[in-house]
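I sat down with this one to look things up and jot notes as I went. Here is the page from my notebook.

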Amino acid sequence: MELVPIILQLRRRKLGAFLVGLQVALTIAIVCNSLAIIHQRLEQIRRPSGLDEANTFTIWNEFVGPSADLAARIQGDVAALRSLPGVSDVSATNGFPLRGYGFRAALKLAPEQRQAAAYAAEYHVDQHVAGAWGLKLLAGRWFMPDEIRDDIGGDTDRSSATAVVSKSLAQALYPAGDALGKDIYLDSVNHTRIVGIVDRAQAPWAANGLKESEWPSEHSVFLPKHEIRRSLVYLVHTRIGQQDAMMSAAPKALFKLSRARIVDDVKSFAQTRAEIYHAARGLSVTLAILSILLLGVATCGIFGLTTFWVTQRRRQIGMRRALGARRSHILEYFHTENLLITGAGAMLGVALGLAANLWLATQWQLRPMAVGYLLIGAFLVLALSQAAVIWPALRAASISPASAMRDI
Amino acid sequence: MFGYYFSLGLRSLRRNAVLTILMIAAIAVGIGASMTTLTVFRAMSGDPIPQKSSRLFAVQIDNFGPGKGGTTSPDGLSDQIDYIDAMALMQGHVAKRQSALFLTRLSLRPPDAQQKPFKVLVRAAYANFFPMFDAPFKFGASWTAADDTARSAVVVLTSAMNDKLFGGANSVGKTIRLDNELYTVRGVLNDWHPTPQFYDLNVAPFGGSDEMYLPFSRAIDKHMAAVGHVSCKAVSPVGWEAFLQSDCVWLQFWVELPDTAAVDQYRLFLNNYAAEQQRTGRFNWPPHTQLRDVMSWLQYRHVVPSEVNILLLVSFGFLLVCLLNAMGLMLAKIMGRASDIGVRRALGASRREIFVQCLIETGVVGLAGGLFGLLLTALGLLAARALLTKEFVGLAHLDGVDVAVALIVGVLATVAAGLYPTWRAANVQPAWQLKTQ
């Protein structure tokens, strides 16, 4: 294939070629960045919370009326829930992963330390955490019934003798990997011994997109406490296939014990997850739609312009055919011409895409994108523009030499 | 002449129907995508209280010290203040109006014992909250400064809560039971939803959190815990009194300052206050305070989520591609008519006339693109409500301004994109064109 005549021809339609190239460049830049953002969001959405998500639901409960014997009322609630046939275990707690908000503890490695060594989500649980939460214990143990203390709201001191931490928190506190058996400090006096490490347990704010250094999404600390407050959460673990039935049975069981309460947000964990990631998923879908539309627009534009160019060059094509060019030569000509323009555009697009990505990374804490996306974006656009040329090129190839020459 | 050019333009658009449709579609899709995100963006970044936003200020005081604590802002200031500072500022009475506020959650027991109790989000504020933020009353009025001092058990209901509890009737003087205590209704607000809820962006900034209001002093008296953000420098204190005396930040603090002199005076007062704290040893760092009016506050708090910003950027890139596309097609179309233009020029049409004719043609394409784009925008907004946050429901809607912007952007952008092709057309050499025929 001779490139020189094509390039000479292109010089006569500089602006058109330039516009197509620029379009291709911008399309590649936008599409590959969108792909990178979509991938990153989906990755974030798919991170496991650590719970046995398929068989877990949560209930928010608040007692109204006199606050005497709260401990007994909570115990009664938990016993009632646990006696439901489809329930395997229940944990009364102060929060759960992906709830959106929760208690954050500032952990220190020495009592006199003024600044936190790490921040973590603080969960209050009793010995039933093992059965209800479905977390994977990597090392050490869960809590014994006798080490669980009452936590009655703001008026108890917050210390605890023991704690179980998530693996990522253990690593942040003790990078050498020997966190088990070591101490952390929740206040400036009492030490708390790490007695167990779980594989992962996400924080309530893991989906909120906050700064990881201050609101880490994978750092959690479990303290052995009976949560004795007016408002608390029952985290219910159900037997397989029983979740829906138990979600309607549980509030009834609670109201049967006492009507002086508010029961709200009875939600399967799947629902919690869907709600908290609603916007992130929406962004991904919107970006995907925009990317597809953009590819469509660019393809249509290339199609339109090439069709026009073919019409404009009818005579010239007829002449070439008359002088012995084969149909395949004409096809080849238009495809090569298109490849030259879009190829140049693609190179610009890759550069633009990279620059835009670097800028985005500084603006919205996005990770720099993998080079793969640039290649995928460029390849997609090149393939589509080649496809857009097929029909006009076929039309050009079908111009009969005689008819083209007759017009002269 | 205009009518003639218009009909010529239409005729030429008809002749090249495929190109015309592609052009209009490209512009419509571009306008649709960019206007959808622009409308959402405008709704989210709008001024929630336009008549007053430059006279209302959020107060910030650095009570954690440089480089300490869990603040996420780059300037090291918390977006809320602690109780000690809030009380000192309230007692200062330097601003025209001022109020510390916070959100709390209480249980409400309906008078009908058959009905289940439910939770309500209640804002604790001073009486000045209502006149300061221009909150309109439907029935009754705000509680008074005397109630603030007396810690009275009184409430102001939102109109939605009044509908729910009293079927929309005038409920002033009636009582409701909140956390087992009786509260007298003093007033009912009209529909009032400043969006975003600038004075507290922690809970439902776009949906609005408040369901009723009660005196701040009463809330403190009854140990009502804050819903939203409570951030402590190091260790959370034990017990309510210790919490109040701690450095934990959990209160919003707003002041109304009528003019620049008042603003300057208040800045000075704030700085002097912080300096006084340094002198007495409570702060061991130089004064670091800030006053921000509503719009700079919203910007500072990044109230528009990054999702919307990313989409805005992408969709305007999209519009650009669509316009480049239309420009290429326009060029093709106009240059395809070079011979026509040559004939017209030879028959005496001036360059100006050719230019105007082509301009009208592109204008028509732009207008059509803009109109179809509006249709797509309406569809896009429906989709955005489903795809993005539920809080957008009822928030983003097309108004006259959006329609005008869409049409103007459509026509102007298309005409701008068509300028070069048009200029090329006007410069067609009649002799040369005729010769090649």
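## Notebook: a two-chain look-up

**Confidence before anything else.** I am working with a predicted model. I looked up the scores for the complex and found an ipTM of 0.79 and a pTM of 0.83. For chain B I noted a mean pLDDT of 86, with 94% of its residues at 70 or more.

**Chain A, overall.** I counted through the secondary structure of chain A and got 12 helices and 12 strands. Is this chain a compact globule or more spread out? The radius of gyration is 32 Å, whereas the globule rule gives 22 Å for 408 residues, so chain A is more spread out than a compact globule. The box around its C-alpha atoms, taken along the principal axes, is roughly 105 × 50 × 30 Å. I also looked at burial, and 46% of the 408 residues in chain A are buried. As for contacts in chain A with a separation of 6 or more, 82% of them join residues 24 or more positions apart.

**A strand residue in chain A.** I picked R104(A), which sits in strand β3 (residues 104-107) of chain A. Buried or exposed? I put R104(A) down as buried, because it has 24 C-beta neighbours inside 10 Å and the cut-off for buried is 20 or more. Beyond its neighbours within four places in sequence, R104(A) is in contact with Y119(A), A121(A) and E122(A). I checked one of these pairs by C-alpha distance: R104(A) and E122(A) are 18 residues apart along the chain and separated by 5.6 Å.

**Where the chains meet.** How many residues does the contact take from each chain? I have 50 residues from chain A and 45 residues from chain B. On the side of chain A that touches chain B, the elements giving two or more residues are α2 (14-46), β12 (261-268) and α8 (278-312) of chain A. The element that gives the most to that side is α8(A), with 18 residues. By residue type, I split that side of chain A into 25 nonpolar, 15 polar and 10 charged.

**The nonpolar cores.** Next I went to the largest nonpolar core, which has 103 residues. The residues with the most contacts inside it are M23(B), A26(B), C322(B) and A326(B). Which elements give two or more residues to this core? From chain A, I listed α2, α8, α10 (327-364) and α11 (371-397). From chain B, I listed α2 (17-45), α11, α13 (351-387) and α14 (400-426). The largest share of this core comes from α11(B), with 17 residues. I then zoomed in on A26(B), leaving out residues up to four places away in sequence. On the chain A side, A26(B) touches V297(A), C300(A) and G301(A). Within chain B, A26(B) touches C322(B), N325(B) and A326(B). There is also a second, separate core of 65 residues, which includes L89(B), A125(B), V227(B) and L298(B).

**Domains of chain B.** I found chain B divided into domain 1 (2-47 + 305-436) and domain 2 (63-256). How far apart are the C-alpha centres of domain 1 and domain 2 of chain B? I got 50 Å. For a residue-level distance, I took K222(B) and L381(B): they are 159 residues apart in sequence and 45 Å apart in space, C-alpha to C-alpha. K222(B) lies in the loop between α7 (216-221) and α8 (240-244) of chain B. I marked K222(B) as partly exposed, with 17 other C-beta atoms within 10 Å.

**Backbone oddities in chain B.** Most residues other than glycine have a negative phi, and most peptide bonds are trans, so I went looking for exceptions. Where is there a cis peptide bond? It runs from T195(B) to P196(B), with omega near -10°. P196(B) is in the loop between β7 (181-189) and β8 (212-215) of chain B. A204(B) is placed in the loop between β7 and β8 of chain B, and has a positive phi of about 45° although it is not a glycine. I counted 16 C-beta neighbours inside 10 Å for A204(B), so I filed it as partly exposed. Another positive phi belongs to H302(B), near 50°. H302(B) lies in the loop between α10 (294-300) and α11 (306-336) of chain B. I wrote H302(B) down as exposed, because it has 12 other C-beta atoms within 10 Å and the cut-off for exposed is 12 or fewer.

Terms used: Residues are numbered from 1 along each chain as its sequence is written. Chains are lettered from A and ligands numbered from 1 in the order in which they are written. This is a predicted model: local features need pLDDT of at least 70, side-chain atom pairs count only at pLDDT 80 or more; totals for chains, interfaces and linings use all residues. Helices (H or I, at least four residues) and strands (E, at least two) are DSSP runs, numbered from the N terminus. pLDDT is the predictor's confidence in each residue, from 0 to 100. Domain bounds come from an automatic or database domain assignment. The radius of gyration is taken over C-alpha atoms; the globule rule is 2.2 Å times the number of residues to the power 0.38. Two residues are in contact if their C-beta atoms, placed from the backbone, lie within 7 Å. Ala, Val, Leu, Ile, Met, Phe, Trp, Tyr, Cys and Pro count as nonpolar, Asp, Glu, Lys and Arg as charged, and the others, Gly among them, as polar. A nonpolar core is a set of buried Ala, Val, Leu, Ile, Met, Phe, Trp, Tyr and Cys residues joined through C-beta atoms within 7 Å.
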